[in-house]
Amino acid sequence: MNRRMSGRGMMATLCSLAVLGGADAAQASKVAVSLNRVSGHPGEEVTLSLAAHSEPERTMSVLSFDVHYDPKQLTLKTYRNGRAIGPNQLVLIEAETPGTIKIAITDMAKPTEPLVGLANGELASFTWTIQPQAKKGRLPLNLEGLLALDRSGKGIKRVRQTPGTITVKPAASTPSKASR
């Protein structure tokens, strides 16, 4: 399930997730969240994947964070759930503020059943348009404010975070009349 929500609704959801995490944080053996790296030319569209990995698998039941980017260089075009999102999981994405995407992924199992946790793999993908005026170089997509909870609702302290990068290649040049 993929939902778009207002900034106020997203903040209320994230605040309640933070309260659930509490001060007594659990330790998972290995937990990582990453965006991949892609390249493209000004004016092109590129797609980045958001992935999670935990050992043992399904350690995390809730994950929330912001992705920060340069809105003068990139425009978010679309997003979709990844293959690792199950039918009882909810993905909340708020992209109303240029330069920031707020993401919350939660396991919405029935209250009488234990949380199943997030599977390893692609959680979401984002398609970006590289602005025509973008200059050659690397554009970072930084992960900030990450909160991860285990299946008991306790915070996971150590989560390895790998930011994404879009490398802008030089604009394709067309031969001038003088060079013909």
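Biologist: How many helices and strands are there in the protein?
Modeller: Helices (H or I, at least four residues) and strands (E, at least two) are DSSP runs, numbered from the N terminus. Along the sequence of this predicted model, the pattern reads β-α-β-β-β-β-β-β-β-β-β-β-β. That gives one helix and 12 strands.

Biologist: What is the mean pLDDT of the protein?
Modeller: In this predicted model, local features need pLDDT of at least 70 and side-chain atom pairs count only at pLDDT 80 or more, while totals for chains, interfaces and linings use all residues. Residues are numbered from 1 along each chain as its sequence is written, and side-chain values use heavy atoms, with hydrogens and water left out. pLDDT is the predictor's confidence in each residue, from 0 to 100. Of the residues, 76% reach 70 or more, and the mean is 81.

Biologist: Which element has the lowest mean pLDDT?
Modeller: At the high end stands strand β12 (residues 164–168), with a mean of 98. The lowest mean, 47, belongs to helix α1.

Biologist: How many contacts does the model have for residues 17–28, beyond four places in sequence?
Modeller: A contact means heavy atoms within 4.5 Å. Over this stretch the pLDDT stays under 50. Beyond four places in sequence, the contacts in the model number 25.

Biologist: What share of the residues counts as buried?
Modeller: Buried means under 20% relative accessible area, exposed over 50%, and partly exposed in between (1.4 Å probe, protein chains only). The protein has 180 residues. The buried share is 45%.

Biologist: What is the order of the strands in the open sheet of five?
Modeller: Two strands pair if DSSP finds at least two bridges between them. The pairing in this sheet is mixed. From one side to the other, the order is β6-β9-β4-β2-β11.

Biologist: Which strands stand at the edges of that sheet?
Modeller: An edge strand here has a single partner strand, so one side of it is left without a neighbour in the sheet. The two strands in that position are β6 (74–81) and β11.

Biologist: What is the bridge partner of N81 in β9?
Modeller: β6 and strand β9 (residues 121–130) are antiparallel, with seven bridges between them. In β9, the bridge partner of N81 is A124.

Biologist: Why is strand β8 largely enclosed by the rest of the structure?
Modeller: T100, K102, A104 and T106 point one way from β8, while I101, I103, I105 and D107 point the other way, and all are buried. Strand β8 (residues 100–107) is largely enclosed because its buried residues number eight of the eight.

Biologist: Which residue in β8 stands opposite H68?
Modeller: β5 and β8 run antiparallel and are joined by seven bridges. Opposite H68 in β8 stands T100.

Biologist: Which residue in the turn of the hairpin of β7 and β8 has a positive phi?
Modeller: Strand β7 (residues 89–94) pairs with β8 in the antiparallel sense over six bridges, and E94 has K102 as its bridge partner in β8. Five residues lie between the two strands of the hairpin. The residue in the turn with a positive phi, about 95 degrees, is G99.

Biologist: Is S61 buried or exposed?
Modeller: S61 belongs to strand β5 (residues 60–68). Its side chain reaches the backbone oxygen of D150 at 2.8 Å. At 2% relative accessibility, S61 counts as buried.

Biologist: How far apart in space are K154 and S61, C-alpha to C-alpha?
Modeller: K154 lies in the loop between β10 (137–150) and β11 (160–162), and its relative accessibility of 33% makes K154 partly exposed. In sequence, K154 and S61 are 93 residues apart. In space, C-alpha to C-alpha, the separation is 9.7 Å.

Biologist: Which peptide bond is cis, with omega near 0 degrees?
Modeller: Most residues other than glycine have a negative phi, and most peptide bonds are trans. P56 sits in the loop between β4 (45–55) and β5. The cis bond runs from E55 to P56.

Biologist: What is the phi of R58?
Modeller: R58 lies in the loop between β4 and β5. With a relative accessible area of 32%, R58 is partly exposed. Its phi is positive, in a residue other than glycine, and is near 70 degrees.

Note on methods:
Polar contact = N/O pair within 3.5 Å; in protein donor to acceptor, adjacent residues only side chain to side chain.
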